[in-house]
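Me: I would like to learn how to read a structure of this kind, feature by feature. Where should we begin?

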Amino acid sequence: MPNQSIKEEILALRAEVAHHAHLYYVEDAPVISDFAYDALFRRLEELEAAHPEFADPNSPINRVGGQPLDAFVKVTHSVPMGSLTDVFNEEELRAFLARVNAQIPDAVCSVEPKIDGLSVALTYENGQFAGGATRGDGLVGEDVTQNLRTIGSIPLTLRESVPQLCVRGEVFLPRAKFYALNAAREAAGEALLANPRNAAAGSLRQLDPKIAAERGLDIYVFNLQSAEWGEMTAPDTHSASLAQLRALGFKIIPHAVMPADPDLVIAEIARIGAMRDSLPCDIDGVVIKLDRFADRQLMGMGTTTPKWAVAYKFPPEQKQTVLRDITVAVDRTGVLTPTAVLDPVRLAGTTVSRATLHNLDFIREKGLMLGDVVTVQKAGDIIPELVAVHPEKRTGEERPYDMPSHCPSCGEPVFRDEGEAAIRCTNAACPAQLARAIEHFASKNAMSIDGLGPQIVELLLQNKLIADAADLYTLQPEQVASLDRMGEKSAQNLIDAIARSKEAGLERLIFALGIRNVGAVAAAALAQYAGTLEACFELSAEELCSIDDFGQITADCVINYFSHPQNRVLCQRLIDAGLRTTPVQMPSADTLAGMTFVLTGTLPTLTRAEASAMITDRGGKVSSSVSKKTTYVVAGEEAGSKLTKAQALGIPLLDEAAFLALLSEL
Ligand code: AMP
Ligand code: ZN
């Protein structure tokens, strides 16, 4: 075939694939079978592979994800990505509409769901997708073009070649995909993601676009940021701009246009609220914006948010159900933790059948009886809360509840510490505590052994392949492969992950031991002070108390831990297994002494705990609120009110890179 006609065939195939992808992802109305679509796609892939000279980043074949990146590049938004003023009740909403109506007699507004996802800006040049970025701090975001390209409902080539276009939308993970993802993570023993929003954020900020592609993200476009329309007429209302974007191939936000009449708007908010469960994504409220661009001009801007729009936030959803039973689990420290077993109810898009009850005091304070009608609420976390009990609904069939007098795992009697809410199993050989201790040992902030989740730990214990954490280091691949549902490959992966953990360093190792009151920060401080694990055995209370942030209680817990012969044996076996027993971090001088930092938002690579430890290690303070005394605010993605406050007070802001640079300079 001559090259020209190959190029034509490639272009025709691209257009055809893009057309069917649009029908599938945007219109939700495919006209050909998946099989026929795959055949077209494969034909295109083959042709493009044979003719790299015609490659185009916006070819549909590039939706599956290209090469991983080393880091995201920062980009400055051409139009700032602002935020909205929140209103929390009808009264505040009516006040907003009254302000609008006072200034604009015939005001018209657009009422739309507020998608609880991640805001992005998409830029097009001459009808071609040119790139996209996260919101970041509103002025500067991160270039996540590679990952955005994998989202089927983002057009790569527009249906009309408008010269320039920038739109804003909300990327989300459809709830069904979120459940599937969490089910897979649970099976693999990985930590669950708290909600679809976190999952979407994590997916969009993957350096490897193949992972983003697998997740199945979606988008609703809700704003025209800027445009040079060329031949097309520029819209003069928001709703007309959305219609135009729809015609260009975007998936746009559902919206209702109506007079700015409070009763109408409130009815629409109620309608959207009632649909909440049936929408494919989570929403956290409703946005009310003026429709005519000229009216927006009239209302103008406030200091940080426009005066022509508000976000009406939904209260956390609550439902009533029946408390059927209370089950009790034993945690790592032997504390008995009660969980409510509920009649399943649909709540904020999930089926809820459990709620945490904290401890016996909580049960007593609420006066809970088995069979009671209770109110549960979900506010962003996986596990809902029990917020109220309704004694007036009792029938007389309810039964009082008492915590067990014996450990549900080992059957030994349990004790209540003087002055503490906790009831505890003090049996050192309690199997439940052992399982929890090993899970903790392997967890992310401890030895970070990938793939060693609760299910595998349980299997290893049941099959007597391990009896404590040190036994992990003697496991053989064949032993692991012999476990239920364990292939040879995953067995080897686990063995490799265990071997890698040997180098984790003393900071993590001390944390992994699970000494009471010794969290990651205290563990790191102890590691720096002691220098080796053996040295920890001999530290006196006085020495321990001289460590920053160590009080008498923590010191006692450390002494108590190392004075138990069986704990010493465990430590010795870990040393013998070849674990690194010295710190990985260099001891640092107090370069940040006298400085106070506030952390806000999600940093690209550091966790909160890590960033905090880096500050406190250097003698700096971490505070939870911004004040005039704050030296720096370290702000990441989706930073909230702390950022606004810092800007108001003129406190210098650092992003992660600047923060790390500061640490290395000082
Ligand atoms: P906030 O961050 O609370 O100020 O709320 C504003 C955020 O809501 C914006 O960053 C958008 O990402 C998001 N959002 C979701 N849906 C919409 C919508 N329909 N219109 C405007 N903003 C929306
Ligand atoms: Zn027990």
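**The zinc site and what surrounds it**

Reply: With the metal. The site of the zinc ion (ligand 2) is tetrahedral, with angles of 100 to 115° among its four donor atoms. Keep in mind throughout that this is a predicted model.

Me: Which atoms coordinate the zinc ion (ligand 2), and at what distances?

Reply: The donors are Cys407 (SG), Cys410 (SG), Cys425 (SG) and Cys430 (SG), at 2.3 to 2.4 Å.

Me: How are the donor residues spaced in sequence?

Reply: For the zinc ion (ligand 2) the spacing is C-x2-C-x14-C-x4-C. Cysteine 410 lies in the loop between β18 (399-400) and β19 (414-416), and cysteine 430 in the loop between β20 and α12 (431-442), so this pair ties together parts that are 20 residues apart in sequence.

Me: Are cysteine 410 and cysteine 430 buried or exposed?

Reply: Burial is read from relative accessibility, with under 20% counted as buried. Cysteine 410 counts as partly exposed because its value is 24%. Cysteine 430 has a relative accessible area of 0% and is therefore buried.

Me: Where is cysteine 425, and what is it in contact with?

Reply: Cysteine 425 is in strand β20 (residues 423-425). Its relative accessibility is 1%, so cysteine 425 counts as buried. Leaving aside neighbours within four places in sequence, cysteine 425 is in contact with Thr333, Gly334, Leu336, Cys407, Cys410, Val414, Cys430 and Gln433. For a sense of distance, the C-alpha atoms of cysteine 425 and lysine 313 are separated by 44 Å, and these residues are 112 apart along the chain.

Me: How many disulfides does a search of the whole structure find?

Reply: Zero. A disulfide requires two cysteine sulfur atoms within 2.5 Å. Take cysteine 557: the closest cysteine sulfur, in cysteine 545, is 11 Å from its own sulfur, which is too far for a bond. Cysteine 557 is buried, because its relative accessible area is 16%. Cysteine 166 also counts as buried, at 4% relative accessibility.

Me: Now the interior. What should I look for?

Reply: In soluble globular proteins, nonpolar side chains tend to be buried together. Here the largest nonpolar core has 67 residues, and those with the most contacts inside it are Leu93, Leu122, Leu148, Leu165, Leu245, Phe250 and Ile288. Strand β8 (residues 218-228) gives the most to this core, with five residues. A second, separate core has 60 residues, among them Leu475, Leu494, Ala523 and Leu579.

Me: Which residues does phenylalanine 250 touch?

Reply: Not counting residues up to four places away in sequence, phenylalanine 250 touches Val26, Leu122, Tyr124, Pro155, Leu158, Leu165, Val167, Val221 and Leu245.

Me: Which domains does the assignment give?

Reply: The domain assignment gives domain 1 (3-55), domain 2 (85-313), domain 3 (318-415), domain 4 (431-503), domain 5 (506-576) and domain 6 (596-665). The centres of domain 3 and domain 4, taken over C-alpha atoms, are separated by 31 Å. The contact takes seven residues from domain 3 and six residues from domain 4.

Me: Let us turn to the backbone. What is the phi of aspartate 28, and where is this residue found?

Reply: Phi of aspartate 28 is near 60°, a positive value in a residue other than glycine. Aspartate 28 is found in the loop between α1 (3-26) and α2 (34-50). At 66% relative accessibility, this residue counts as exposed.

Another case is asparagine 517, which is not a glycine but has a positive phi of about 70°. Asparagine 517 is in the loop between α16 (506-513) and α17 (520-530), and it counts as partly exposed at 48% relative accessibility.

Me: Is histidine 77, in the loop between β1 (74-76) and β2 (85-87), buried or exposed?

Reply: Histidine 77 counts as buried, because its relative accessibility is 11%. Beyond neighbours within four places in sequence, histidine 77 is in contact with Ala133, Thr134, Arg135, Gly138, Leu139, Val140 and Gly141.

Me: And where is arginine 618?

Reply: Arginine 618 is in the loop between α22 (608-617) and β22 (621-623). With a relative accessible area of 18%, arginine 618 is buried. From C-alpha to C-alpha, arginine 618 and aspartate 295 are 53 Å apart in space, and they are 323 residues apart in sequence.

How values were computed: Residues numbered from 1 in each chain as written. Chains lettered and ligands numbered in written order. Predicted model: local features only at pLDDT ≥ 70, side-chain atom pairs only at ≥ 80, totals over all residues. Heavy atoms only, no water. Helix = DSSP H or I, 4+ residues; strand = E, 2+ residues; numbered from the N terminus. Buried < 20%, exposed > 50% of the residue type's maximum accessible area, 1.4 Å probe, protein only. Contact = heavy atoms within 4.5 Å. Core = buried A, V, L, I, M, F, W, Y, C linked by side-chain atoms within 4.5 Å. Donors = N, O, S within 2.8 Å, 3.2 Å for Na, K, Ca; no water. Tetrahedral: all angles 85-135°; square planar, octahedral: opposite > 155°, others 65-115°. Domains from an automatic or database assignment.
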